[in-house]
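Please load the model in your viewer and keep the selection panel open. The stops below are meant to be taken in order.

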Amino acid sequence: QIAGSTGVVQVAGAGSATYPNFTFNGDTNTGMFSSGADTLQFTTGGSEALRVDSSQNVGIGTASPSNILHLRSATPQIYIQSDDGNDASIVFGDASDASRGQIKYTSSDEMVFLNNNLSERFRIDASGNLGLGTSSPTQKLEVHGAIRFGDTISDVADGGRPLIYASDGSGSHTGHALVIQA
């Protein structure tokens, strides 16, 4: 029925996932319905597929979305795919700055992590090398800048002997993985 002078379409009854109010010719269990006030649901094959609740939370695979986007399945994944030769990104921001951080997959098979208005902080290249302070690491771990350890780094499997040992150059340090001499 069309109601009022503005041409609003109203449907009597709430509908359900099995019998949605709005369907397609020949496919009566796929469509749109509302199970209650301020809630909108979409159904495919007689099962609810997506819900927008009264708080404008969107649920895919859940009838009770608890946040702006709530995904639920046995193994939920978000798949972001770019065209060949382009990067794919997730960008983080706030109300006053839409670009505060980013996780980017580059077309050259690298993962780049940026923050502070999209300044690069670290990168994992196509070979699996991790670069901190460099955008082109050549080793499994390459750090440009100071490193600080808060405790002893040791090999638990080898009785806890230190893997990194600082020395003033006066003693023998046989068996240590890395010796740094002052």
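The tour goes through two hairpins, an aspartate in a loop, an open sheet and some salt bridges.

**Stop 1: strands S3, S4 and S5**

This is a predicted model, and side-chain atom pairs count only at pLDDT 80 or more. Select residues 22–24, strand S3, together with residues 27–33, strand S4. The two run antiparallel and are joined by 3 bridges. Within this pair, threonine 23 is opposite glycine 31 of S4. The hairpin of S3 and S4 leaves 2 residues between the strands, and glycine 26 in the turn has a positive phi of about 85°.

Now add residues 40–44, which are strand S5. S4 pairs with S5 over 3 bridges, again in the antiparallel sense. Pick phenylalanine 33 and look across to glutamine 41, its bridge partner in S5. The hairpin of S4 and S5 has 6 residues between the strands, and there aspartate 38 has a positive phi near 60°.

**Stop 2: aspartate 53**

Keep aspartate 38 displayed and select aspartate 53: Asp38 is among the residues that aspartate 53 touches, along with Thr39 and Pro65, when residues up to four places away in sequence are not counted. Aspartate 53 sits in the loop that runs from strand S6 (47–52) to strand S7 (58–60).

Which side chain of opposite charge is nearest to aspartate 53? It is arginine 51, 7.3 Å away, and aspartate 53 is buried with no salt bridge. The cut-off for a salt bridge is 4 Å, so a separation of 7.3 Å does not qualify.

What does lie by the side chain of aspartate 53 is backbone. Show the backbone nitrogen of serine 55, which is 2.9 Å from a polar atom of that side chain. The backbone nitrogen of asparagine 57 is likewise 2.9 Å from a polar atom of the aspartate 53 side chain.

**Stop 3: arginine 51**

Move to arginine 51 and display glutamate 48 with it. Their side chains form a salt bridge, at 2.8 Å from N to O. Arginine 51 has a relative accessibility of 14%, so it counts as buried. Glutamate 48, at 27% relative accessible area, is partly exposed.

**Stop 4: the open sheet**

Next, colour the strands from S9 to S14. These 6 strands form an open sheet in the order S9-S10-S11-S12-S13-S14, with mixed pairing. At the edges are strand S9 (88–94) and strand S14 (141–143), each paired on one side only. From one strand to the next, the twist averages 20°.

Inside this sheet, select strand S12 (residues 119–124) and strand S13 (residues 130–132), an antiparallel pair with 3 bridges. Isoleucine 124 is opposite leucine 130 in S13.

**Stop 5: salt bridges further along the chain**

How many salt bridges does the model have? The count is 4. Select arginine 123 and glutamate 120, whose side chains meet at 2.7 Å, N to O. Arginine 123 is buried at 11% relative accessible area, whereas glutamate 120 is partly exposed at 28%. Add Glu110 to the display: Glu110, Glu120 and Arg123 are linked in a network of salt bridges.

Finish at arginine 100 and aspartate 97, a salt bridge in which the closest N and O atoms are 3.4 Å apart. Both partners are partly exposed: arginine 100 has a relative accessibility of 34% and aspartate 97 a relative accessible area of 21%.

Technical notes
Residues are numbered from 1 along each chain as its sequence is written. This is a predicted model: local features need pLDDT of at least 70, side-chain atom pairs count only at pLDDT 80 or more; totals for chains, interfaces and linings use all residues. Side-chain values use heavy atoms; hydrogens and water are left out. Helices (H or I, at least four residues) and strands (E, at least two) are DSSP runs, numbered from the N terminus. Buried means under 20% relative accessible area, exposed over 50%, partly exposed in between (1.4 Å probe, protein chains only). Lys and Arg count as positive and Asp and Glu as negative; His and the chain ends are not counted. A polar contact is a pair of N or O atoms within 3.5 Å; within protein, one must be able to donate a hydrogen and the other to accept it, and residues adjacent in sequence count only if both atoms are side-chain atoms. Contact means heavy atoms within 4.5 Å. Two strands pair if DSSP finds at least two bridges between them. Axes are lines fitted to C-alpha atoms, for helices over the stretch in contact, and angles run from 0 to 180 degrees between N-to-C directions.
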